[in-house]
Amino acid sequence: MNEKGNFAAVRKDIAKLLHQPEYDDGSAGPVLVRLAWHSSGTYDAATDTGGSNGAGMRYEHEGGDPANAGLQHARVFLEPVKAAHPWITYADLWTLAGVVAIKEMGGPSIPWQGGRTDFVDDSKLPPHGRLPDGAKGSDHLRWIFYRMGFNDQEIVALSGAHSLGRCHSDRSGFEGAWVNNPTRFSNQYFRLLLSLQWKKKTLKNGVEQFVNYDEDSETELMMLPTDIALTQDREFKPWVELYARDKDRFFDDFSKVFAKLVELGIQRDENGVATNTDNENGGYHA
Ligand code: CCH
């Protein structure tokens, strides 16, 4: 069988590399989800710039955005998969890895289509500052996500990805995990947002976040100011409440919105082939 286009084989190899006993909580999954999100979340609908096409994070302009600190780990995890399937573009590999990781960690199946290119169009490069800043509030979240074309419900659904992974003081300055089992996709993030008492804490580096310390288990969980903002905003809060009590609804909505996220800026012809590969526009292939 011709290996080119065999995304099922790529999916299998991504699933196999998730188990990383030496790394974080033992899984590459969360950081791969963040790679998929940050590669896509630079999109600006008004100017049709940014987005996953081009895999611009390979280069200093985008890879060097402080918001992307730490994502080199995710890219390195995926190098053996790229080596085994050299026909796949990085833009497809990074978005597919997020989709596979979510499923493997117990999350929903997410529709995904290949066809992104690694062609970097200089006129479409996103400036720094397109990704959200966890120190801010709900106005900032709307400013960032409306720009991509998301609404309030979609903002809250996407935020549920914080049931995965953790903050690292040497990457974002924040520290800790949102939930007790950060390698399991669930609606726990929403349940804890509502059920625990969150107290402001200033870390040694001066960064402010919210924490809950449980004396019985001696564990501290955290929330970003942007996470807490979801419970303090009249439009966001009902969605937090809905997703906290209805896991199936959260999984359905998350699947749709993550599929939309990784498609931002990808134009396809009627056969599903991505068409925005303008080679004459001063871009370059890697
Ligand atoms: Fe996030 N996220 N995220 N996030 N995020 C961080 C980590 C993860 C914000 C800030 C941070 C989404 C939305 C937001 C993941 C998925 C998503 C960190 C810690 C910060 C800070 C980084 C570090 O130190 O390593 C803010 C602000 C927003 C605003 O909405 C969305 C949307 C998604 C995906 C759908 C995942 C997964 C992680 C864990 C990464 C890891 O390495 O464990």
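These legends go with three close-up views of a predicted model. Local features need pLDDT of at least 70 and side-chain atom pairs count only at pLDDT 80 or more, while totals for chains, interfaces and linings use all residues. Residues are numbered from 1 along each chain as its sequence is written.

**View 1. An open sheet of three strands, in the order E3-E4-E5.** Pairing here is antiparallel; two strands pair if DSSP finds at least two bridges between them. Strands (E, at least two residues) and helices (H or I, at least four) are DSSP runs numbered from the N terminus. E3 (199-202) and E5 (219-223) are the edge strands, each pairing on one side only. Four bridges join E3 to E4 (residues 208-214), and lysine 200 sits opposite phenylalanine 210 in E4.

**View 2. Helix H11 (residues 247-263) and its neighbours.** Its buried residues include Phe250, Phe251, Phe254 and Phe258, along with Asp253 and Glu263; buried means 20 or more other C-beta atoms within 10 Å of a residue's own, with C-beta atoms placed from the backbone. The buried residues of H11 pack against H2 (29-40), H5 (90-104), H7 (152-159) and H10 (237-245). Just after H11 comes glycine 265, with a positive phi near 80°.

**View 3. Where H4 (residues 71-84) meets H5.** Their axes, lines fitted to C-alpha atoms over the stretch in contact, come within 11 Å and cross at roughly 125°. The angle, taken between N-to-C directions, runs from 0 to 180 degrees. Leu78, Val81 and Lys82 of H4 make the contact with Tyr90, Leu93 and Ala97 of H5; contact means C-beta atoms, placed from the backbone, within 7 Å.

Definitions and conventions. The expected span of a helix is 1.5 Å times one less than its number of residues. A residue is buried if 20 or more other C-beta atoms lie within 10 Å of its own, exposed if 12 or fewer, and partly exposed in between; C-beta atoms are placed from the backbone. Two residues are in contact if their C-beta atoms, placed from the backbone, lie within 7 Å.
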